[in-house]
Amino acid sequence: MAVMDQFLQFPSTTTLLGIVGIFLALYVFFPRINHQGIEPPGPRPLPLFGNFLQVDLKMRYKTLHNLSKTYGPVFKVHFGTSKVVVLAGYKTIREALVSNSAFSVRNVPPIVKDLKLSHGIIFANGDSWREMRHFALTNLRDFGMGKKASEEQILEECQHLIDAIKAKDGKAFDPVKPLSHAVANIICSIVYGTRFDYDDTAFTSMVGRARKNTELIGSPSVQLYNLFPRLFGWVEARKELMKGAFTNRRCMKELIQGLQDTLNPQSHRGFVDSFLVRKRQLEASGAMNTDYNEDNLLLTVVNLFTAGTETSSSTIKYGLLLMTKYAEIQDKVQEELSRVVGCRQILAQDRKNLPYTDAVIHEIQRMANVVPSVVHQTSRDVTFQGYFIKKATPVLILLSSSLQDEDEWEKPGSFNPAHFLDEEGHFRKRDAFLPFSAGARVCVGESLARMELFLFFTCLLQYFRFVPPPGVTEDDLDTTMEGGFTLSPSAQELVAISRV
Ligand code: HEM
């Protein structure tokens, strides 16, 4: 009876707090088990909000990187009511994207559905995606990518870019516009077979809208809309994004129509002509319901333009900013360029003789971290690293965590070209360098982008010395990358002094 009394006695406050504490810890940290297996661990979600209040929507990838230090390379977070699995670190990302076929489906958030982007390549899935991706890769190769033709187009554009910068006459300017016009022209040459002047307002407005849209799609208010589409449909950023996207689509449709009206099947001017010829061939052969339809043509053109402009131009702008900040590294690049190439035209084949410059360009891309994360989803139920992940779960691949993986890089947070050099000063590849992602969804424009970065960067440094504007020191230059969907350097002016 005495034992019973003791058992029934009310526990002390300390014991009670201890018991509550243990349950709370189990609730927060213990992986949840459902009947199919253990779910990845992760911070405990709040009802309705999930972990949304713990995530900095302006720098989502940073918060997630920090969470991976607590929960490991595979963890889950709740954005609102939807559960997202996050994959972090080079080895885990590689295992998921390269050695496992379950992670290559694209996740389509509400804003992308509103923008009707399900055709084309980036937000498409299934057979149509496979066909458009294959067709784009083949044609980008034919119209230049990794080939002589694109080298010539880029070198011609470098000259226009140099002229535009020369016209600044040594005065401070923000290079963002001339750079995005130059890079957009490479895509236009490949897609339409035409480049545009930098003072063609129809062209510059299209580039400006694409740049603005990339900023808006990653903005906190559009992310909020993606989490709670029924509540936040009214946000201004969403309306502006829709307006800009559909205006650009109308402009691109007109350009395509112009090419269609003047199509000569014997001479392909670019990607659009090839697509139209293939479409006609299929129609003539009586093929019905093929993937070569107007929606796929328009959306593939939209995809190449948007994916191919902001990413490359932000990387080059970041490169110029880093060269201005780290003048001693700019000195070394210019010394190597003068020694190896001198005053003649730089060519793509010079890269192999410019190991230091090549290492600097790779390190710029690693630090730029222009696409910090991508969202795929599982194509089937999958057990990955011991965790069960249900079919159709969004999977956020934290590419930034590979580019900054502490197990892979000697100084992950510092601008250190030595990451890409061996002891003899030869260029060395690094496995964790995944700015273009990997596997079935790897960037379609990787070879083109690599050639653009090399030729634009080297031509500009051969011609100009970049310095801070008067009254600004190298230490004042802000090298933080900002944005949501893709990152870019903040608005900042530089001065370009002619070297020739
Ligand atoms: C520095 C420049 C660039 C970077 C860092 C970059 C990075 C990326 C990344 C990370 C992805 C997502 C891959 C994934 O979902 O796993 C991607 C996809 C894509 N990129 Fe790029 N990109 C660049 C330039 C370009 C260029 C120049 C083009 C156009 C020719 C392009 C076209 C595409 C397309 C069409 C996709 C979608 C691929 C698919 O979903 O199958 N990108 N890019």
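This briefing covers the ligand site, a pocket and a few individual residues.

The model is predicted. It holds a ligand with an iron atom, and Cys443 is the single protein donor to that iron. Around the ligand stand 26 residues. A separate topic is the second largest pocket, with about 750 Å³ of space.

**Iron and its donor**

- Which atom of the protein serves as donor to the iron atom of the ligand? The SG atom of Cys443 does, from 2.3 Å away.
- Cys443 sits in the loop between α16 and α17, and α17 spans residues 446–463.

**Shell around the ligand**

- Five residues are closest to the ligand: Arg106, Arg133, Ser437, Arg441 and Cys443.
- The side chain of Ser437 places a polar atom 2.6 Å from a ligand oxygen.
- For Arg441, an N or O atom of the side chain lies 2.7 Å from an oxygen atom of the ligand.
- Trp129 also has such a contact, with 2.9 Å between a side-chain N or O atom and a ligand oxygen.
- Four elements give two or more residues to this shell: α6 (126–142), α13, β6 (374–377) and α17.
- Helix α13 provides the largest share of the shell, six residues.
- By class, the shell has 15 nonpolar, eight polar and three charged residues.

**Ser437**

- Ser437 lies in the loop between α16 and α17.
- Its phi is positive, about 70°, although Ser437 is not a glycine.
- Is Ser437 buried or exposed? Ser437 counts as buried because its relative accessibility is 11%, under the 20% limit.

**Second largest pocket**

- How many residues line the second largest pocket? The lining has 33 residues.
- Nearest the centre of this pocket are His65, Ser400, Ser401, Gln404 and Asp405.
- Elements that give two or more residues to the lining are α3 (60–71), α4 (90–98), α13 (294–325), α15 (355–368) and α16 (399–403).
- Helix α3 gives the most, with six residues.
- The lining divides into 13 nonpolar, 13 polar and seven charged residues.
- Helix α13 is thus named for the pocket lining and for the ligand shell.

**Thr378**

- Thr378 is in the loop between β6 and β7, where β7 covers residues 382–384.
- Why does Thr378 count as buried? The reason is its relative accessible area of 2%, which falls under 20%.
- A polar atom of the Thr378 side chain lies 2.7 Å from the backbone oxygen of Lys390.

**Leu48**

- Leu48 is located in the loop between β2 (37–38) and α3.
- This residue has a positive phi of about 70°, although Leu48 is not a glycine.
- Leu48 counts as exposed because its relative accessibility is 55%, over the 50% limit.

**Val340**

- Val340 belongs to helix α14, which runs over residues 327–340.
- With a relative accessible area of 27%, Val340 is partly exposed.
- Val340 and Asp350 are ten residues apart along the chain, and 8.2 Å separates their C-alpha atoms.

Definitions and conventions: Residues are numbered from 1 along each chain as its sequence is written. This is a predicted model: local features need pLDDT of at least 70, side-chain atom pairs count only at pLDDT 80 or more; totals for chains, interfaces and linings use all residues. Side-chain values use heavy atoms; hydrogens and water are left out. On a 1 Å grid over the protein atoms alone, a cavity is a set of points where a 1.4 Å probe fits but cannot get out, and a pocket is an open set with protein on both sides within 12 Å along at least five of seven lines; lining residues have an atom within 4 Å of a point. Grid points are joined across faces, edges and corners, and a volume is the space filled by probe spheres set on the points. Ala, Val, Leu, Ile, Met, Phe, Trp, Tyr, Cys and Pro count as nonpolar, Asp, Glu, Lys and Arg as charged, and the others, Gly among them, as polar. Donors are N, O and S atoms within 2.8 Å of the metal (3.2 Å for Na, K and Ca); water is not among the atoms, so sites may look incomplete. A residue is near a molecule or strand if one of its heavy atoms lies within 4 Å of it. A polar contact is a pair of N or O atoms within 3.5 Å; within protein, one must be able to donate a hydrogen and the other to accept it, and residues adjacent in sequence count only if both atoms are side-chain atoms. Buried means under 20% relative accessible area, exposed over 50%, partly exposed in between (1.4 Å probe, protein chains only).
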